Amino acid sequence: MLTQEIIIARRQAQPLGEAEIGQFVRGIVDGSVGEGQIAAFCMATCLNPMDVTERVALTRAMATSGITLDWSDQSLDGPVLDKHSTGGVGDKVSLMLAPIVAACGGFVPMLSGRGLGHTGGTLDKMDSIPGYVSQPPLDKIRKVVKEQGCAIIGATKDLAPADRTMYAVRDVTGTVESLDLITASILSKKMAAGLDGLVMDVKFGSGAFMQDYGDARALAESIVGVANGGGLPCTALMTDMDQVLGRTAGNAIEVREAIEFLRNENIDQRLYDVTIELSAELLLLGKLADTIEDARAKCVENLKNGRAAHFFERMVAALGGPSDIIDRFDKHMKLAPIEHAVYPDQGGVVQSINVRQIGYAVIELDGGRRLVTDKIDHGTGMAAMAAIGERVGRDAAPLCVIVGRDEVKIKRAEEIIKRAYTIAPPGEALSSDPIIRERIT
Ligand code: URA
C-alpha cells in the first residue's frame, strides 16, 4: 500500500491491518515516510481514534522498530519488572521502588526520562549523584540489572526509535494529545525493554500531565488494555497529583528524601503509601507474591530491614557513584547554600495547591529546564513542603523552605509558591484525599 493510502484510510477512519501499520512504522525508521506524512497520520489519528486492534498493532510495530531487550540469555532467577509514571512534581518513587522490588527478587531495568515541562525527571535526579552514569551502554545495563537487581537508567536511542521520531513531530504539530499515540509512545519503550510485568502510575490533578480524572483514567484503561493485549501483564494505579509527592521538589534534594526513606527516616505517609502499593503490584505481576497483602508485607519487610537501601547503594556504586551513598549522602550531594523559609501572608490551613506552579518554581531556581539545552542546577529546590490540611503561618510551619543560590531567583520562586497555595482560615478542618484513588486492571 502507498503511504498516502495508509494516511487516507486513517483520515476516513477505515480500519488498518497490522501489515499496513507495520509498513508505516518501518518507513518512519528507514526514512521512506517523511515528516509531513507522519504529521498527517498523527493528525488523522487525533481526529479519528483507532480501534483496539489498531492500537495494539501500532504499539507492537513501534516496540519492535529498533533493538529489543531479551533477558532470556541472562539466566535471571526472577521476573523483569518496571514501573512507569505519567509524571508529576516531587515524584521520586522510582528511587525507592526499584531497590525494594529488587530486594524482593525482581529485576528492574528502570528506564527513566528527563524532566518534561513542569514535571521533574528521574534521570536528572540520579545525575545529582557524583560519578553516577545514568546513560550507560546496553551491555552495562544488562550487567548491572543481572548483578545488582536494578538499574535506574535512561532509555538508549536504539529502543523504539520510531517513537523518538514520531514524538518530535507530534510535539510541533499539535498532535501530542491522542490516547492512541500516547499509549503507543509510552508502551513501545516498555515493550522493547522485554518486561514480564509493568505497573503504571497514572496521575491526575493540578501537577499531572492529564489533570482531569476522566482523561487520566481513559489513558490508564487504554495502556492497561493495550499492554495486556500485546502480551505485557500490566496494572495501573490512579494517583493524586494535587499535592507534591513527599516533602521535597528538585533534584539532589529529592534523592536525599529517597535515601532517608530507604533509611526508614522521616517518611512521608503519602509517598510511603504509593511506593509500597506500586511495588506490591509489581510483585504480584511478577508472581513473587500470591496476594496483594503478601506482596505489601514483603515490600515493607525489605524496606524496614535495610535490604532495599543496600540494593540502592550497590546499584549506585555499580553505575559509577560512591559506594557509601546511604550513610554519607550529606557529604556526596551538596545542596545550594541559601535556605529561605516561605510563609503565607495570612496564616491558616492549606486548602489547595497548584502543583504545576510548584514545578515552575523549581525551574525558576534552575532545577529544571526552559530549553532542552539548559543545564540543571542539581542543588536547588524546595524542602518541607506543606500538605493539604496542615497549619501554616509565622506561628506554625512555613509553606516550604527554598534551597537556592541566587537571591533574585529565590524571590521569584517565593512569589510563585505563595500564589500556588490557597490558605483557608485557621480552624478549618481540611484533609488530604487518599493518594491512591483506583486500581485499573
Ligand atoms: N510520555 C511519552 O513517553 N509519550 C507520550 O506521548 C506522552 C508522554
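This passage describes the surroundings of the ligand and two helix pairings in a predicted model.

The ligand is a good place to start. Seven residues form its shell: Tyr167, Arg170, Ile182, Ser185, Ile186, Lys189 and Phe209 surround the ligand. By class, four residues of this shell are nonpolar, one is polar and two are charged. The polar member is Ser185, and the charged pair consists of Arg170 and Lys189. Each of these three side chains also has a polar atom placed close to a ligand atom of nitrogen or oxygen. For Arg170, an N or O atom of the side chain is 2.9 Å from a ligand oxygen. A polar atom in the side chain of Lys189 likewise faces an oxygen atom of the ligand, here at 2.6 Å. Ser185, in turn, places a polar side-chain atom 2.6 Å from a nitrogen atom of the ligand. Taken on its own, the ligand has 240 Å² of accessible area, and the protein covers 87% of it.

Turning to secondary structure, helix 8 (161-172) and helix 9 (179-192) each provide at least two residues of the ligand shell. The largest share comes from helix 9, which contributes four residues.

Helix 8 has a second role in this description, as a packing partner of helix 3 (residues 35-47). The axes of helix 3 and helix 8 come within 10 Å and cross at roughly 75°. With angles of 65 to 115 degrees counted as roughly perpendicular, helix 3 is therefore roughly perpendicular to helix 8. On the side of helix 3, the contact involves Glu35, Ile38, Ala39, Phe41 and Cys42, which meet Thr165, Met166, Val169 and Arg170 of helix 8. Six residues of this contact are nonpolar, one is polar and two are charged. Helpfully for the reader following both sites, Arg170 appears in the contact with helix 3 and also in the shell around the ligand.

A further pairing is found between helix 16 (residues 355-364) and helix 17 (residues 407-420), whose axes come within 9 Å and cross at roughly 180°. Because an angle over 145 degrees counts as roughly antiparallel, helix 16 and helix 17 are roughly antiparallel to each other. Here Gln357, Ile358, Tyr360, Ala361 and Glu364 of helix 16 meet Lys409, Arg412, Ala413, Ile416, Ile417 and Ala420 of helix 17. The contact of helix 16 with helix 17 comprises seven nonpolar, one polar and three charged residues.

Technical notes: Residues numbered from 1 in each chain as written. Predicted model: local features only at pLDDT ≥ 70, side-chain atom pairs only at ≥ 80, totals over all residues. Heavy atoms only, no water. Near = heavy atom within 4 Å. Polar contact = N/O pair within 3.5 Å; in protein donor to acceptor, adjacent residues only side chain to side chain. Areas by Shrake-Rupley, 256 points an atom, 1.4 Å probe, with all protein chains shown as cover. Axes fitted to C-alpha atoms, helices over the stretch in contact; angles between N-to-C directions. Parallel < 35°, antiparallel > 145°, perpendicular 65-115°, else oblique. Contact = heavy atoms within 4.5 Å.
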